[in-house]
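The following exercises are to be worked through with the sequence and the structure at hand. Each task is followed by a solution in steps.

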Amino acid sequence: MKAQPPNQNDRVWETLFQQYEILEKIEQEGKFILSIEQIRECQESKVLTKFDHKNNLPEIFKKNQLGILPISIKEYVISHINNYQPIEIPKKKTQNLIRITYPPYELQSFQKGSILSETLILQYAFASGILTDFLEEEQIYPTISKQIQIGSFSFQIRNEKLDQEIELEVCNTPIELDAAFESKESLTLIKINRDLSEDFLIQNIYYPYRAWTDQIKKRIRLVFLIYSNGVFHLYEYEFCNPNQYHSLSFLRQKAYVIEDTNITQMDLNDVWVNVNLCEEPKIALPQAEYMERVINLCELLQFRTMNRDQLIQQYDFDIKQANGYTTAARYLGLIQLLYPAGKKPIYILTKRGEEIMKMGYCQRQLELCRCILRHRVFHELFGQTLKFGKVPKQWLIIARMHKANLYQMDNPKTYEWRASTISGWLQWILNLFSNEKI
């Protein structure tokens with residue numbers, strides 16, 4: 001694969017590492033303390049120093065298995081530390097979706113397809129009763145939120161290269177807290193995400209956890225809330241040892257919906273029978289097998305337009321994934337590229353993409369199915385999927401692909417890689433009506 005040119009943030013970090021001999025100092029002392037003043041001396045005041053996902057790390061960090069943490073308002077520590085916790089994915093191909101029907105009357109100001117910000121995600125989760133159900137608390141009260149400044153504390157974190165714990169001290173570091181809810185027995189700290197990610201930054205929950213552990217006697221609970229495609233995914237974690245950064249343990253997970261999600265096989269059969277087939281676009285079918293991430297990308301673009309670098313730096317996409325999933329959304333007619341004069345190309349929703357993303361859950365899923373099934377290769381293979389109740393084998397998918405006049409398919413390996421996209425999208429459709437609802 002052709003090597004991708006480094007982005008601006010990669011170049012800045014390469015300069016910092018060279019100027020201050022950071023790798024050499026880490027090799028000698030196990031860590032390097034980088035100050036804001038040193039960054040400014042390098043004339044790079046806009047360098048990114050917080051990376052919410054492992055994919056966001058600069059290349060020099062990835063290459064040398066390094067991590068970075070703030071230890072004061074003016075200093076960061078760089079060492080061989082792993083800052084990220086994988087998000088526990090339910091083992092079943094389909095997961096139980098819990099339908100919340102509280103309150104018993106309709107909240108008419110809850111507009112379908114309009115949950116675009118972390119604030120709205122939280123308001124919906126609280127007003128609908130999702131939070132009280134998940135926490136198994138009778139009454140909770142919203143308290144602190146947004147940016148606060150913590151005092152001093154020390155903790156142990158594992159140096160992966162030395163395979164031993166090292167001691168770090170944090171002093172007067174500002175932290176961001178999305179939300180906190182207090183009950184008679186506990187204080188729950190909540191981190192909210194709008195992107196479907198494979199990991200999260202432990203710092204985002206450890207620093208607030210330590211700040212409040214030292215201030216109150218109640219039990220501190222930690223909840224990670226992800227909202228995408230009409231589903232509220234809630235994860236609860238705990239630190240087994242408050243003084244150890246890497247003692248984070250996963251406790252449980254649930255997924256909630258506040259809309260009707262009942263899609264039947266008859267609904268999908270109706271889309272399949274009545275869809276108008278299209279000519280294959282001059283866009284290569286990419287390797288992007290998770291339809292959930294295609295949808296989530298459109299949700300992120302519904303909130304704001306972005307270029308590729310912004311997508312990579314702010315959400316859990318590496319370069320390959322960003323290229324694959326943006327191409328997938330273009331292939332389906334959901335997004336398009338614009339070329340502003342003198343600026344990098346940006347991704348925006350098409351008119352059709354905007355319409356679909358504003359729809360309620362069931363209508364949105366069926367229209368997305370229509371976007372997929374209007375392509376002949378998907379249409380033919382979905383007929384086999386309906387007939388046998390499972391996605392066809394790879395060899396049959398590849399055989400159909402050879403007959404479908406797909407754009408830029410001239411390599412046997414390409415057929416194998418792209419077949420995973422077709423298989424993944426067909427499985428996503430199949431799961432829509434095989435999903436168990438409670």
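**Exercise 1. Cysteines**

Determine whether C371 is buried or exposed, and establish how many disulfides the structure holds.

Solution. The model is a predicted one. Step 1: the relative accessible area of C371 is 7%. Since buried means under 20%, C371 is classed as buried. Step 2: a search through the whole structure returns zero disulfides. Step 3: C371 accordingly takes part in no disulfide, and the nearest cysteine sulfur, belonging to C298, lies 9.0 Å away. A disulfide would require the two sulfur atoms to be within 2.5 Å. Step 4: another cysteine, C240, has a relative accessible area of 56% and is exposed.

**Exercise 2. The face of helix 1**

Describe the span of helix 1 and state where its buried residues lie.

Solution. Step 1: helix 1 comprises residues 8-19, twelve residues in total. From first to last C-alpha it reaches 17 Å, close to the expected 16 Å. Step 2: its buried residues are N9, D10, V12, W13, L16 and F17. Step 3: viewed down the axis of helix 1, these buried residues fall within an arc of 160°, so they line one face of the helix. Step 4: just after helix 1, E21 adopts a positive phi of about 50°.

**Exercise 3. Two helix pairs**

Characterise the packing of helix 8 with helix 14 and the crossing of helix 9 with helix 13.

Solution. Step 1: two packed helices are described by the angle between their axes and by the distance between those axes. Step 2: helix 8 (residues 265-274) packs with helix 14 (residues 376-388) at about 150°, the axes being 11 Å apart. Helix 8 is therefore roughly antiparallel to helix 14, and their crossing is left-handed. Step 3: the axes of helix 9 (residues 291-303) and helix 13 (residues 361-373) come within 13 Å and cross at roughly 110°. This angle makes helix 9 and helix 13 roughly perpendicular to each other; the crossing is right-handed.

**Exercise 4. Positive phi in loops**

Locate E136 and D163, and decide whether each is buried or exposed.

Solution. Step 1: E136, which is not a glycine, has a positive phi of about 55°. E136 sits in the loop between helix 6 (130-135) and strand 6 (141-142), and at 62% relative accessibility it counts as exposed. Step 2: D163, likewise not a glycine, has a positive phi of about 55°. The loop that holds D163 runs between strand 8 (152-159) and strand 9 (164-171). With a relative accessible area of 57%, D163 is exposed.

Technical notes: Residues are numbered from 1 along each chain as its sequence is written. This is a predicted model: local features need pLDDT of at least 70, side-chain atom pairs count only at pLDDT 80 or more; totals for chains, interfaces and linings use all residues. Side-chain values use heavy atoms; hydrogens and water are left out. Helices (H or I, at least four residues) and strands (E, at least two) are DSSP runs, numbered from the N terminus. The expected span of a helix is 1.5 Å times one less than its number of residues. Buried means under 20% relative accessible area, exposed over 50%, partly exposed in between (1.4 Å probe, protein chains only). The arc is that of the directions from the helix axis to the C-beta atoms. Axes are lines fitted to C-alpha atoms, for helices over the stretch in contact, and angles run from 0 to 180 degrees between N-to-C directions. Angles under 35 degrees count as roughly parallel, over 145 as roughly antiparallel, 65 to 115 as roughly perpendicular and the rest as oblique. A crossing is left-handed if the near helix is turned anticlockwise from the far one by less than a right angle, and right-handed if clockwise.
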